[in-house]
Amino acid sequence: MNILDFITNIINIDNNNFKLAIESLIIIIIFKLINKIFELLNNRFNKNDRKKYRLNKRCHLFINIIIILSFIIIWQDYFKNFLTLISFVSAALTFALRDIILNFFSGIYIKLNKTFIVEDRIEINDIIGDVININYLSFEILEVKEEEKGEQSTGIIVQIPSSKIFSYPIKNYSKAFKYIWKEMEVNVPIDSNIEKDKKVLYKIINSNETLKKIPSKMKNQLNNVVGEYRIYYNNLDPIIYTSVVDNHVKLTIRFLCHPKKVRNIESDIWNKILLANKDGKIKIFID
């Protein structure tokens, strides 16, 4: 009697079943070890955090697929015998696991359609945040405050079921290109020299090193997506609109900005406007 027969007799299990179970366990150990070694090497030698994250995710998915296929090959004879039973059980499982199944296929849709990717800033069901992880059943975003509070990170991670993309509209701040239009309102007295005030504001806006580079970058991004989206703008440079409101003039500054840098840029512009007001170059209206 060999060792295999001895063990199967002790635990009272079929010799063939025990052999297949051992083969399955060996496959799991080997491929999980390969996955771990890859992650260690990738984390050590890959200096790009974004590529490091994506490679680890793809390797993990690839290893799991190989393990599942290996199981199917090893246990194929038993799977054939279970087909009849599965046909009866599948309806009950489908009903019981309908939410999981819906989330799973929604997750596949997100990955194939690239509804959003990691690092995109999105808004769904009044929740705004940066996507930090995408699974097949859910995705996670690092929540940021609403626009009025500067869209700064709250440090809270929100997990959202994948199927929610079909229940709520999704705003993607980064889908086609990295920049969005932002507006700032500056109120000046009704009798102000509007042309002079605009020149002061244009000088302030154009003095921001970040804003100066954006129009050319935005133009390149528009050229890259022109075959996929019908998007065009006549003007990409900052512009100031004039309107009269009650007893003052409202100057609306419109400019392109990265959604994650809005607060810093607005703060820089306001600091310079307040300094110009102090120096008498522009007069801010206060009701």
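This briefing walks through the salt bridges, pockets and nonpolar cores of the structure above. Please keep in mind that the model is predicted. The structure holds 6 salt bridges, and its largest pocket has a volume of about 1200 Å³. The largest nonpolar core counts 31 residues, and a second, separate core has 12.

**Salt bridges**

- Let's begin with a pair that spans the chain: Glu-183 and Arg-254 form a salt bridge through their side chains, with an N to O distance of 3.4 Å. Glu-183 sits in strand β6 (residues 180-189) and Arg-254 in strand β8 (residues 248-257), so the bridge links distant parts of the chain, 71 residues apart.
- Both partners of this bridge are partly exposed: Glu-183 has a relative accessible area of 45%, and Arg-254 has a relative accessibility of 22%.
- Another bridge joins the side chains of Lys-212 and Glu-209, at 3.2 Å from N to O. These two residues are separated by about one helical turn, because they are 3 residues apart in helix α7 (residues 209-225).
- Lys-212 is partly exposed at 45% relative accessible area, and Glu-209 is also partly exposed, at 48%.
- Helix α8 (residues 262-278) holds a bridge too: the side chains of Asp-268 and Lys-272 meet at 3.3 Å, N to O. The two residues are 4 apart in that helix, about one turn.
- Asp-268 counts as partly exposed at 25% relative accessibility, as does Lys-272 at 28%.

**Largest pocket**

- The lining of the largest pocket is made up of 33 residues, and those nearest its centre are Arg-54, Lys-114, Phe-116, Ile-117 and Val-118.
- Helices and strands that give two or more residues to this lining are α3 (49-74), α5 (98-113) and α7. The biggest share comes from α3, with 8 residues.
- Sorted by class, the lining has 13 nonpolar, 13 charged and 7 polar residues.

**Second largest pocket**

- The second largest pocket has a volume of about 160 Å³.
- Its lining consists of Val-200, Lys-203, Ile-204, Ser-207, Lys-272, Leu-275, Ala-276, Asp-279 and Lys-281. Two or more of these residues come from each of α6 (194-206) and α8.
- By class, the lining of the second largest pocket has 4 nonpolar, 4 charged and 1 polar residue.
- A familiar name turns up here: Lys-272 lines the second largest pocket and is also the salt-bridge partner of Asp-268.

**Nonpolar cores**

- Within the largest core, Ile-253, Phe-255 and Ile-269 have the most contacts. At least two core residues come from each of β6, α6, α7, β8 and α8, and β8 gives the most, with 6.
- Leaving aside residues up to four places away in sequence, Ile-269 touches Met-184, Ile-204, Leu-211 and Phe-255.
- Among these contacts, Phe-255 is, like Ile-269, one of the residues with the most contacts inside the core, and Ile-204 is part of the lining of the second largest pocket.
- The second core includes Ile-110, Val-118, Val-131 and Ile-160. One of them, Val-118, is also listed with the residues nearest the centre of the largest pocket.

Definitions and conventions:
Residues numbered from 1 in each chain as written. Predicted model: local features only at pLDDT ≥ 70, side-chain atom pairs only at ≥ 80, totals over all residues. Heavy atoms only, no water. Salt bridge = Lys/Arg side-chain N within 4 Å of Asp/Glu carboxyl O. Buried < 20%, exposed > 50% of the residue type's maximum accessible area, 1.4 Å probe, protein only. 1 Å grid on protein atoms, 1.4 Å probe; cavity = no way out; pocket = protein on both sides within 12 Å on 5 of 7 lines; lining within 4 Å. Points joined across faces, edges and corners; volume = space filled by probe spheres on them. Nonpolar A, V, L, I, M, F, W, Y, C, P; charged D, E, K, R; others polar. Core = buried A, V, L, I, M, F, W, Y, C linked by side-chain atoms within 4.5 Å. Contact = heavy atoms within 4.5 Å.
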